[in-house]
Amino acid sequence: MLVPNHVAIIMDGNGRWATKKGLERSAGHLEGSRTLEKILFHAMDMGVKILSVYAFSTDNFKRDRKEVDYLMNLVVKFFRSKLDKINKRNIKVLVSGRKEHLNIDVIEAIEKIERVTIDNKSGILNICLNYGGQEEIVDGAIKLAHDINNGLDITSFTKEDFRRYLYHDLPEVDLLIRTGGEQRLSNFMLYQLSYTEFYFTNTLFPDFDKSEFNKALFMYENRDRRFGGLHEENR
Ligand code: IPE
Ligand code: IPE
Ligand code: MG
């Protein structure tokens, strides 16, 4: 089976999942965090090396304070309670996003899980938190401008060189999954999605189980990725 190296998931639909069941939106986020744990280990079992997940966008700060606080506490709890398990599976955790507006306990939990798992080699979980794709490119451009001011020679600067100015130097995303029925990017990983295959499903994230994930893998296997080259029958 041709397995994508880097899979990214826009984990959408938690709120609707809860509302449909007559529960608070927070119940959907909690169930979504359980789904994330299952999907992470399953993806790694299937041979995926990097899993990037959209946990909280820069624009999600527009939501009620109560929901934002719940989500931030959930992230801290997730990092603290899953650290040992993730570490035992030899998975390295990276967090992508802006640190500004994050509470100190969130920052400490991020720093701890990144530090403890830094040498792990079996796979990478990249959690996008307070993340925006345009913000990532702007932040990278600012860093690059500083280096240019300090004498960096950019005569033969390439797109691969620019990748080192992003939050993390990760390879292109091979497969993007968005649950919850919307067919848009909502400002997710704009630099890394240039030749990515997209898979949209109406399934709400808390219901996105292993078999739903496998459907996306089967779809991926049957796509003809051309990267600007010729159709398969003409090669
Ligand atoms: C995704 O679920 C999780 C976050 C954005 C944090 P939503 O909370 O967007 O759920 P819906 O789209 O309202 O159902
Ligand atoms: C995208 O979902 C962000 C995350 C899944 C974390 P949103 O629910 O915030 O996106 P929109 O508002 O529907 O575009
Ligand atoms: Mg949503």
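A pocket is found on a 1 Å grid over the protein atoms alone, as an open set of points where a 1.4 Å probe fits, with protein on both sides within 12 Å along at least five of seven lines, and its lining residues have an atom within 4 Å of a point. The model is predicted, so that local features need pLDDT of at least 70 and side-chain atom pairs count only at pLDDT 80 or more, while totals for chains, interfaces and linings use all residues. Residues are numbered from 1 along each chain as its sequence is written, ligands are numbered from 1 in the order in which they are written, and side-chain values use heavy atoms, without hydrogens and water.

**Exercise 1.** List the residues that line the second largest pocket, and sort the lining by class.

Solution. Start with the lining, which is made up of Lys-159, Glu-160, Arg-163, Glu-172, Tyr-191, Gln-192, Ser-194, Tyr-195, Arg-225 and Phe-227. Then apply the classes, in which Ala, Val, Leu, Ile, Met, Phe, Trp, Tyr, Cys and Pro count as nonpolar, Asp, Glu, Lys and Arg as charged, and the others, Gly among them, as polar. The result is three nonpolar, two polar and five charged residues. Finally, the space in this second largest pocket is about 210 Å³, a volume being the space filled by probe spheres set on the grid points, which are joined across faces, edges and corners.

**Exercise 2.** Describe the largest pocket by its volume, its lining and the elements that contribute to it.

Solution. The largest pocket holds about 700 Å³ of space. It is lined by 33 residues, of which Met-11, Tyr-54, Ala-55, Phe-56 and Asn-60 are the closest to its centre. Next, α1, α2, β2, α3 and β4 (123-131) each give two or more residues to this lining, where helices (H or I, at least four residues) and strands (E, at least two) are DSSP runs numbered from the N terminus. The largest share, six residues, comes from α3. By class, the lining has 15 nonpolar, 10 polar and eight charged residues.

**Exercise 3.** Work out which protein atoms make polar contacts with ligand 1, and how much of the ligand is covered.

Solution. Ligand 1 sits in the largest pocket, in the sense that more than half of its atoms lie within 2 Å of the grid points. Around it are 13 residues, the nearest being Met-11, Asp-12, Gly-15, Arg-16 and Arg-63, where near requires a heavy atom within 4 Å. For polar contacts, take pairs of N or O atoms within 3.5 Å. The side chain of Asp-12 places an N or O atom 2.9 Å from a ligand oxygen, a backbone N or O atom of Asn-14 lies 3.2 Å from one, and a polar side-chain atom of Arg-63 lies 2.7 Å from one. The protein covers 87% of the 380 Å² of accessible area that ligand 1 has on its own, as given by the Shrake-Rupley method with a 1.4 Å probe.

**Exercise 4.** Carry out the analysis for ligand 2, beginning with its polar contacts.

Solution. Oxygen atoms of ligand 2 lie 3.2 Å from a side-chain N or O atom of Asp-12, 3.3 Å from one of Arg-63 and 2.8 Å from one of Arg-184. Taken alone, ligand 2 exposes 390 Å², of which the protein buries 77%. Ligand 2 sits in the largest pocket, and strand β2 (residues 50-57) supplies the largest share of its shell, three residues. That shell has five nonpolar, two polar and four charged residues.

Terms used. Polar contact = N/O pair within 3.5 Å; in protein donor to acceptor, adjacent residues only side chain to side chain.
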